[in-house]
Amino acid sequence: MTEITPAWAKAHMPRVARAVENLPDMTGIRLAMSMHLDMKMLPLVEGLAGRGAALFITTCNPATVRNEVVDAMRAAGARVDAFKDMPEDDWQRAIENGIDWGPTHLCEMGSDYTHFLLSRGLELPDVKAGLEATGSGINRLQGTLPPWPIFNWDDLPVKEGLHNRHMVGLTTWNAFFTRTLLSLHEKTVLVVGYGSVGQGLAASARAFGGTVMVAEIDPARRLQARYDGWRTGSVAELAPEADVIVTGTGGHHVVPFSVIEGLKDGCFLLNSGHRIDEIELEPLLALPVKQALPAVTTHSLPSGNRVHLFVGGAMANLTGGEGDSLNAFDMTLAVMAEGIGHIVGEGEKAASGVHLLPRAVWERACPDPL
Ligand SMILES: NC(=O)c1ccc[n+]([C@@H]2O[C@H](COP(=O)([O-])OP(=O)(O)OC[C@H]3O[C@@H](n4cnc5c(N)ncnc54)[C@H](O)[C@@H]3O)[C@@H](O)[C@H]2O)c1
């Protein structure tokens with residue numbers, strides 16, 4: 001249960017307040033949203049409802065849902081189909097319900113509605129445009145032909161360069177420290193993936209006292225990691241030396257069980273990527289397990305060593321903590337609000353397919369807050 005009230009969140013997000021004021025009249029717009037159901041999203045949801053938009057909301061990740069946020073979004077007038085840790089079947093049904101609800105526009109974090117439609121070959125003539133916030137969602141769209149324009153805002157410097165690069169690392173380690181009362185001093189930390197999330201995880205791990213190593217499959221980014229001063233190698237090579245492993249790739253089973261079997265006694269496993277399956281969990285969950293702390297399960301490996309899994313492998317910063325600071329998320333959410341203003345206006349006229357959100361749109365969110 002968060003201690004942050006909606007009033008406190010609003011008071012510390014002045015860019016969002018300004019972006020919401022700039023939204024057009026949204027009467028007749030049916031916006032289906034899929035996002036983390038976090039108190040920080042509420043000022044936008046209230047703003048959209050206040051502009052007359054009909055809203056259907058589900059989560060992009062059942063583990064990050066806050067039930068009190070669901071209640072607050074319902075009170076703001078949104079139809080919300082989500083609850084904390086909803087099972088996969090219920091979540092998929094919620095996505096289907098969102099489609100059946102007949103949206104005119106989609107605002108997504110992970111492309112779940114779009115992927116659902118495209119994978120089933122369904123036609124949705126009423127959808128005019130969409131907005132996608134995550135690298136994982138953009139990757140899922142590669143090689144597909146969405147029949148409406150989708151605006152990618154993950155790759156913007158004001159999103160990737162700020163939120164991904166600076167917030168995820170800070171808030172992941174803050175959650176780890178808060179929930180375990182362990183810092184990274186004297187610990188060797190393996191960061192898997194060196195995109196903007198991995199870069200922030202690595203830099204923050206050092207700031208929090210850790211000795212950092214990086215595993216990255218892209219040769220340019222691996223070299224960038226070396227230029228940044230990190231020792232690099234493959235997951236299989238480096239993992240046996242790690243006291244803490246954190247993933248931030250958007251990939252599947254980037255820490256496979258064959259690697260987990262060889263980990264040091266007491267090694268921690270955390271994931272800060274979008275997908276819960278970055279760590280191969282199934283064989284780990286089949287081992288003898290103890291709930292060591294509310295946020296930590298301890299699994300006994302066949303080797304006799306134990307590994308500690310943080311918040312079940314769900315997104316560490318959002319499930320184990322509160323995620324971004326309000327002042328930093330103010331920028332991110334203001335860009336999202338400007339993006340929504342775009343997809344319900346000029347953006348509808350763009351060609352089908354994926355486009356970067358235009359500069360003229362996102363820079364409206366940029367002026368310093370007063
Ligand atoms: N926790 C959060 O709050 C939060 C916030 C933003 C983004 N994300 C998520 O974090 C993930 C990473 O985001 P990003 O912006 O850095 O993405 P990115 O695509 O820029 O970087 C991911 C990197 O991981 C590397 N990678 C992929 N598979 C790998 C493997 N098997 N081993 C080693 N490296 C591998 C890729 O080569 C790439 O360089 C995504 O899933 C994104 O959705 C999480």
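Trainee: What makes the pair formed by asparagine 317 and the ligand a polar contact?

Mentor: In this predicted model, a polar side-chain atom of asparagine 317 lies 2.9 Å from an oxygen atom of the ligand. A polar contact requires N or O atoms within 3.5 Å, so this pair qualifies. The protein covers 87% of the 860 Å² of accessible area that the ligand has on its own.

Trainee: Which other residues have a polar atom placed in this way against the ligand?

Mentor: Among them is asparagine 164, with a polar side-chain atom 3.0 Å from a ligand oxygen atom. Isoleucine 217 uses a polar backbone atom, which is 3.5 Å from a nitrogen atom of the ligand. The ligand is surrounded by 25 residues, and the closest are Ser136, Glu216, Arg221, Ser272 and Asn317.

Trainee: Why is glutamate 338 called buried?

Mentor: Its relative accessible area is 5%, and buried means under 20%, so the term applies. Glutamate 338 is found in helix H15 (residues 326-343). Beyond residues up to four places away in sequence, glutamate 338 touches Ala19, Asn22, Val361, Arg364 and Ala365.

Trainee: How do you know that strands E11 and E14 pair?

Mentor: Strand E11 (residues 267-271) and strand E14 (residues 306-310) share three bridges in the parallel sense. Pairing needs at least two bridges, so the criterion is met. Phenylalanine 268 has histidine 308 in E14 as its bridge partner.

Trainee: What makes E9 and E12 edge strands?

Mentor: The open sheet of eight strands has the order E9-E8-E7-E10-E11-E14-E13-E12, with mixed pairing. Strand E9 (231-233) and strand E12 (289-293) each pair on one side only.

Key
Residues numbered from 1 in each chain as written. Predicted model: local features only at pLDDT ≥ 70, side-chain atom pairs only at ≥ 80, totals over all residues. Heavy atoms only, no water. Helix = DSSP H or I, 4+ residues; strand = E, 2+ residues; numbered from the N terminus. Buried < 20%, exposed > 50% of the residue type's maximum accessible area, 1.4 Å probe, protein only. Contact = heavy atoms within 4.5 Å. Near = heavy atom within 4 Å. Polar contact = N/O pair within 3.5 Å; in protein donor to acceptor, adjacent residues only side chain to side chain. Areas by Shrake-Rupley, 256 points an atom, 1.4 Å probe, with all protein chains shown as cover.
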